[in-house]
Amino acid sequence: MSVAIVDLGYGNIGSIAVAFQRLGAEVELTADSKTIQAAERVALPGVGAAGYAMGRIDALGLRETLTRLTRPLLGICLGMQLLFEASEEEDTACLGLIPGKVRRLEPSPGLTVPHMGWSRLDVTDQGCGLASGDYVYFAHSFACDDGPASIATARHGRTIPAAVRQGHLLGAQFHPERSAGPGSRFLEAFLSC
């Protein structure tokens with residue numbers, strides 16, 4: 001199985017590549033449109049700010065490639081947020097592939113932002129490799145609203161989608177590459193979808 005990991009020039013792409021390689025995938029880090037289109041699977045990782053990430057996507061000429069892609073596409077962390085219509089972070093228009101908006105997490109007594117650490121999942125789609133009760137690792141300050149695309153959720157002040165699925169699109173707000181067994185099962189399910 002070939003996986004193109006979209007290389008925007010920053011972020012956690014090395015650890016994601018290793019996680020896929022452990023599952024036997026042939027991985028290529030790339031910002032080349034033709035390579036992305038030819039891959040059997042595409043992963044869009046992200047760490048940082050939505051505005052900067054979308055700026056990199058546009059600077060590299062990848063917006064059309066990503067929005068027209070028909071192969072399975074996995075957005076990870078910020079990459080999942082970019083699949084949605086817009087983010088409050090820097091008032092950013094995103095790829096618009098999944099309806100909904102990304103909003104800032106609100107701190108409160110006993111609740112820190114960013115949401116960093118292990119949280120338990122409630123899973124509604126058993127075909128994604130995850131199970132209710134699994135713990136996965138999060139590191140984020142913004143989250144999508146819970147909606148019809150949500151297949152796994154966690155709580156951090158509000159219910160947040162931990163994973164989403166819509167057609168050929170899959171997203172993980174958590175970091176599967178840092179989430180031990182559940183993360184590995186999730187990536188394996190993506191490779192076999």
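The following dialogue examines the cores, sheets and aromatic pairs of a predicted model.

Colleague: What makes a feature count in this predicted model?

Modeller: Local features need pLDDT of at least 70 and side-chain atom pairs count only at pLDDT 80 or more, while totals for chains, interfaces and linings use all residues. Residues are numbered from 1 along each chain as its sequence is written, and side-chain values use heavy atoms, with hydrogens and water left out.

Colleague: Why is Tyr 10 called buried or exposed?

Modeller: Buried means under 20% relative accessible area, exposed over 50%, and partly exposed in between (1.4 Å probe, protein chains only). Tyr 10 has 19% relative accessibility and therefore counts as buried. Tyr 137, with a relative accessible area of 17%, is buried. Trp 118, at 48% relative accessibility, counts as partly exposed.

Colleague: What makes a set of residues a nonpolar core?

Modeller: The term denotes buried Ala, Val, Leu, Ile, Met, Phe, Trp, Tyr and Cys residues joined through side-chain atoms within 4.5 Å. The largest such core has 33 residues, and Phe 20, Leu 130, Phe 174 and Phe 186 have the most contacts inside it. Among the elements giving two or more residues to this core are β1 (2-6), α1 (13-22), β13 (159-166) and α6 (180-192). The most comes from α1, with five residues. Apart from this core lies another, of 31 residues, including Ile 36, Met 54, Ile 98 and Phe 142.

Colleague: How do you know which side of α1 is buried?

Modeller: Helices here are DSSP runs of H or I with at least four residues, and strands are runs of E with at least two, numbered from the N terminus. In α1, the residues Ile 13, Ile 16, Ala 17, Ala 19 and Phe 20 are buried. They cover an arc of only 160° around the axis, which puts them on the same side of α1; the arc is that of the directions from the helix axis to the C-beta atoms. An α-helix has 3.6 residues a turn, so residues three or four places apart point the same way. The buried residues of α1 pack against β1, β2 (26-30), β3 (41-44), β4 and α6, where contact means heavy atoms within 4.5 Å.

Colleague: Why are β2 and β9 called edge strands?

Modeller: Strands pair if DSSP finds at least two bridges between them. Eight strands form an open sheet in the order β2-β1-β3-β4-β14-β13-β12-β9, with mixed pairing. Each of β2 and β9 (122-123) has a single partner strand, so one side of each is left without a neighbour in the sheet. Between β1 and β2, which run parallel, there are five bridges.

Colleague: What makes Tyr 10 and Tyr 52 an edge-to-face pair?

Modeller: Rings of Phe, Tyr and Trp (its six-membered ring) pair if their centres lie within 6.5 Å; planes under 30 degrees apart count as stacked, over 60 as edge-to-face and the rest as tilted. For Tyr 10 and Tyr 52 the centres are 5.5 Å apart and the planes make 65°, so the pair is edge-to-face. Tyr 10 lies in the loop between β1 and α1 and Tyr 52 in helix α3 (residues 50-59), 42 residues apart. Trp 118 and Tyr 137 also form an edge-to-face pair, at 5.7 Å centre to centre and 70° between the planes. Trp 118 belongs to strand β8 (residues 115-120) and Tyr 137 to strand β10, so this pair ties together parts 19 residues apart in sequence.
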